[in-house]
Structure formats: C-alpha cells, structure tokens
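Please look at the sequence and the model below before reading on. The text then goes through the structure part by part.

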Amino acid sequence: MQRLKTAVIGTGFMGRVHLEALRRIEFVDVVAIAGRQSGSSKKLADQFGLESLDDYTKLLSDPTLDAVHICTPNASHYSMAKEAMLAGKHVLCEKPLSVSVAEAQELVALAAEKNLRNCVCHNLRYYPMVQQMRRMREAGDLGEILVVQGTYSQDWLLYDTDWNWRVESEVGGNSRAMADIGSHWFDMAEHLTGLRVRSLCADLQTFHPTRKRPKQQVESFAGKSLKPAEVEDVPVTTEDFGAVIFRMGDSTRGCMSASQVSAGRKNHLNIQIYGTRSSVAWDQERPDELWIGQRNSPNQIIIKDPSLLKEDAQPYADLPGGHSEGYDDTFKQVFRRFYSSIRDPQAPAEYPQMTDGLRQMVILEAELDSARSRAWIDLEHAR
C-alpha cells in the first residue's frame, strides 16, 4: 500500500481538528506542523510527536511531501495554496478558499494547470444523514423541490467582549458570519438539492461596531473560558448576522440566516427541504436524526443505521446503528476520499474541490453586493 506524506499549516482550532482526523487515515503520515507563531507550533507538534516549523515554505521544498493542509486565517489561504501548488503539492484548504472571487478563480485555474488534487473542506456534507437526504432527493423521494430554508446559528460572539481573529477584516476578510458559517449552509443546500442559487437578496447586521480585543492570543470558541485581561476597543466592520432570501433552479425559493450572536445556539446548522412528495429536515446538533415529513401519512424521525440507509449513503457511515458519528467523523470521510484520489489518479473526486470554493465566493460576493445596494443580485450567469 502506497503511503502518503502530508503536513498541516496552522495550529489553532482547525489545525488540531485536522491533525486528529489525519491520524485516522490508515495510509497517511503527518510529518510536520507549521505555524505562524513558534510557541504554538512547537507545543502542538510536541503533543503529536511531530516536527515543528516556523516557516511553512520549508515544507514546500521537501520532495517527499505529497500534500499540505491549510488551516490558517482566511486572508492567507490564497497565497499559501498558490505557493503549495506551484511547488507541486496537492492542497486541502479550509474554507473559505480565499477572500475574493478573483483569488479563487486563479487557484482553480492553477490546480487544473498543474493537474493537482485539491479540496476545500466543506466537511459538513459528510454526515451520514446529510448523505441520506441527498440520496433521497436523487431517488425522487422528495419530488420537485419547492422550498429550501434553515439557519446556521452560534452564540460564541454574542458579547462585545468576545473576540477571535475572524472579527478582523484584514485577517478574516470582508465577511464573517456569512463567510464562516453561511458558506457551509449554502454549500450544503446546493449539494443536497442539485440546484444552484440563481439570485439573492441579503441583509447583514453588525450588532457590535466596536469590540474589546484582549491583548493576548485567543483560541476560537474559547471566549467563555477566558479570564479577565487587558483589552483595547477595536472598530468592527464584519457582520454578526445575515439573512438571505434566494431563488434556486427554475422555481425553487428559499431563505436562510447565519448568526454568531444567538444565545444558546452552539453550532446549530438546520436545513429543511420541502418537495412535492415529501420533506426532510436535519439539525447538526442532533446529527444522527433525520425528520421526514409527509402530507397524508404520519411523519417520521429515523435514526442513523447504515444498514437502513440508501445504498449510496451507506459508505458515509462507518459505525453500526446506535453508534453515533459526529463532527470529527466528517473530516475523516473527506480526508479518506481526498487521499484515495491522490493514490489513484483515475479515481473521481468525491469531495468538494476548489471549484466549489469558488462557487461559495461568488455567492458571498453577491451577498455583500446585495446588502450594500439593498437590492436583488443575479447569479444566473456566474460561475
């Protein structure tokens, strides 16, 4: 069995998640971790028994390295992915792929030119019950899709004392809630329905135009456990909340919201798809359950059991019924397919690629344009 070598760039929340998931891929060896700060990279590398590097470009000159994972703040994704592909490395990048459509287009073109495997980590597609929804739609169980709606709501930035690098536009980009979690929702909506958003109208709101930034580094989602520290007031331009109404395909209509200030909602991605035959709804905080709605017979809640799923959904569940599969398992599913495609050049890319990352940047820029102009934006001819 051909073994592959990879490295992770980024030592924060997502860097650790990627490292833990990579340990579960039988034929992949993580050889190094590179971080923006020497202290954090060494600490994480020591915990995993790996080499620590302060300069990620040193990784790219290693001829034995097959791929890199980019788990750094958004504004660095473009330059790091570009350098990695120019060095001949396959790239798996956290979302969003970039901070602009132009950057994403360049990366898509470069990946094609270099004939390199590339993935954008829209891992939330890979819950078993999400794949069951997709296969039900493909089998015609839902009929014609009429309505798609839902939300992605969190509370970790509810207070003006909550802070993270995502708040800073120069690091996270011009959008926060819609880029960080709204992109996951729209990627899932298009993946499940097989339809594309054709036009949209968005309303964005920044509830805290000023936030208190601690004079110390803050890990993602760690705000509630922080002790009082010296802070400084910093202006904020990225949104805390966004709401979008949209049109998909020829006649499907939808609405969604993304919020990072919804008290009590920790990671509440909810998506509902209503068809002419039946409907389905799924909630990330209860990932093993799928609601199926009927007009003329009792509704159902089914529980994940691979032996009872649609045949094409079964490979996305590794554990038998009654054994939960959650957030960390979705990364394993993505990574397994990504690295299998590197080993087999003829294998299809059964994972989100940079073209999917570009697609989400097109939607995101349309949302920003719509909010500024207070108007509908047409995406029909967008890539």
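What follows covers the nonpolar cores, one covered helix, the salt bridges and some backbone features. The model is predicted.

The interior comes first. In soluble globular proteins, nonpolar side chains tend to be buried together. Here the largest nonpolar core has 73 residues, and the members that touch the most others are F246, I271, W282 and M354. The surroundings of F246 can be followed in detail. Setting aside neighbours within four places in sequence, F246 is in contact with V148, W185, F186, V197, S199, L200, T252, R253, G254, C255, M256 and W376. Apart from this core lies another one, of 30 residues, and V17, A21, L22 and C71 are among them.

Helix α6 is a covered element. It spans residues 128–138, and 9 of its 11 residues are buried. The buried residues are P128, M129, V130, Q131, Q132, M133, R134, R135 and M136. What covers them includes helix α8 (177–193) together with the strands β13 (268–275), β14 (279–283), β15 (289–293) and β16 (300–303). After α6 comes G140, with a positive phi near 85°.

Next come the charged pairs. The structure holds 28 salt bridges. One of them joins the side chains of D187 and R125, with an N to O distance of 2.8 Å. D187 belongs to helix α8 and R125 to the loop between β6 and α6, so this pair ties together parts that are 62 residues apart in sequence. Are these two partners buried or exposed? D187 is buried because its relative accessible area, 5%, is under the 20% limit. R125 is also buried, with a relative accessible area of 9%.

A second salt bridge is formed by the side chains of D155 and K266, at 2.7 Å from N to O. This pair links distant parts of the chain, 111 residues apart: D155 is in the loop between β7 (145–153) and α7 (169–172), while K266 is in the loop between β12 (252–259) and β13. D155 counts as buried at 11% relative accessibility, whereas K266, at 46%, counts as partly exposed.

The side chains of R286 and E289 also meet in a salt bridge, with 3.0 Å between N and O. E289 is partly exposed, at 24% relative accessibility. Elsewhere, R24, D318, D328, D329, K332 and R336 are joined into one network by salt bridges that share partners.

The backbone remains. Which peptide bond is cis, with omega near -10°? The bond from K95 to P96 is the one with this geometry. P96 sits in the loop between β5 (90–93) and α5 (101–114).

Beyond α5, the loop that leads to β6 (118–120) contains N115. Phi of N115 is positive, near 55°, in a residue other than glycine. N115 is exposed because its relative accessible area of 68% is over the 50% limit. R374, another residue other than glycine, likewise has a positive phi near 55°. R374 is found in the loop between α10 (354–373) and β17 (377–378). With 75% relative accessibility, R374 counts as exposed.

Methods:
Residues are numbered from 1 along each chain as its sequence is written. This is a predicted model: local features need pLDDT of at least 70, side-chain atom pairs count only at pLDDT 80 or more; totals for chains, interfaces and linings use all residues. Side-chain values use heavy atoms; hydrogens and water are left out. Helices (H or I, at least four residues) and strands (E, at least two) are DSSP runs, numbered from the N terminus. Buried means under 20% relative accessible area, exposed over 50%, partly exposed in between (1.4 Å probe, protein chains only). A nonpolar core is a set of buried Ala, Val, Leu, Ile, Met, Phe, Trp, Tyr and Cys residues joined through side-chain atoms within 4.5 Å. Contact means heavy atoms within 4.5 Å. A salt bridge is a side-chain nitrogen of Lys or Arg within 4 Å of a carboxyl oxygen of Asp or Glu.
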